[in-house]
Amino acid sequence: MIERLLSYAILLKCGFITLDKYNEYLNEIFLQHSDNDLLLELQWCSTDTKKAINTILEHSREVEIDYDMFGKLFLDELKVIYIEMEIHSFAEKAYAAWNLMPKSIDQIEPFWTLSYADDPLSWGDEKQTREIYEKMFSYYENHGR
């Protein structure tokens, strides 16, 4: 649960998803776990994007996160967005997402890719940038996790 919440918080903060999409997931899991203090707190601030994101980011620093699960969830969501988004806008937001990654994973793959995948765009090489992102999206398939 926290892995998907963290994924959504990062995607929401970077403008990859809407508050409505986040709230749809929040409502779904709250109905299943209405006794969860974190979910209750998030329900109370469901219209305050900044507070919701900060609450999730703070909570994620205090609990154990399965970063393989987080990575799979995050990249699955990101891949759908990538397919539908203009590459320069995607790259800008992807770099912002990397800056929000927990420090324990921001320097390892596949997350590290978000920090440099857009470099070839600076010399007009969209094809190479796309190849880098697409390799990132297949990270968990290729590493048997």
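The 145 residues of the chain give a radius of gyration of 16 Å, which agrees with the value near 15 Å for a compact globule of that length. The model is predicted. Its C-alpha trace spans about 50 × 30 × 20 Å along the principal axes. Of the 145 residues, 46% count as buried. The chain exposes about 8,100 Å². Carbon and sulfur atoms supply 49% of that area.

The fold is built from helices. The chain has nine of them and zero strands. From the N terminus on, the elements therefore read α-α-α-α-α-α-α-α-α. Among contacts with a separation of 6 or more, 63% join residues 24 or more positions apart.

Helix α1 has twelve residues. From its first C-alpha to its last, α1 reaches 16 Å, close to the 16 Å expected at 1.5 Å a residue. Ten of its twelve residues are buried, so α1 is largely enclosed by the rest of the structure. The buried set comprises I2, E3, L5, L6, S7, Y8, A9, I10, L11 and L12. Their cover includes α2, α3, α4, α5 (67-84) and α6 (87-100). G15 follows α1 and has a positive phi, near 80°.

Helix α4 covers residues 49-62, 14 residues in total. Its reach from first C-alpha to last is 20 Å, close to the 20 Å expected at 1.5 Å a residue. The buried residues of α4 are A52, I53, T55, I56, L57 and S60. These residues pack against α1 (2-13), α2 (19-32) and α3 (37-44). Contact between the two helices thus appears from either side: α4 is among the elements that cover the buried residues of α1, and α1 is among those against which the buried residues of α4 pack.

Cysteine pairing was examined next. The structure holds zero disulfides. A disulfide requires two cysteine sulfur atoms within 2.5 Å. The sulfur of C14 lies 18 Å from the closest cysteine sulfur, in C45, which is too far for a bond. For C45 the closest cysteine sulfur is in turn that of C14, at 18 Å, so this cysteine too is left without a bond. Both sites fall under the 20% limit that defines a buried residue. C14 counts as buried because its relative accessibility is 10%. C45 is also buried, with a relative accessible area of 5%.

Definitions and conventions
Residues are numbered from 1 along each chain as its sequence is written. This is a predicted model: local features need pLDDT of at least 70, side-chain atom pairs count only at pLDDT 80 or more; totals for chains, interfaces and linings use all residues. Side-chain values use heavy atoms; hydrogens and water are left out. Buried means under 20% relative accessible area, exposed over 50%, partly exposed in between (1.4 Å probe, protein chains only). Helices (H or I, at least four residues) and strands (E, at least two) are DSSP runs, numbered from the N terminus. The expected span of a helix is 1.5 Å times one less than its number of residues. Contact means heavy atoms within 4.5 Å. The radius of gyration is taken over C-alpha atoms; the globule rule is 2.2 Å times the number of residues to the power 0.38. Accessible areas come from the Shrake-Rupley method with a 1.4 Å probe; for residues, only the protein chains shown count as cover.
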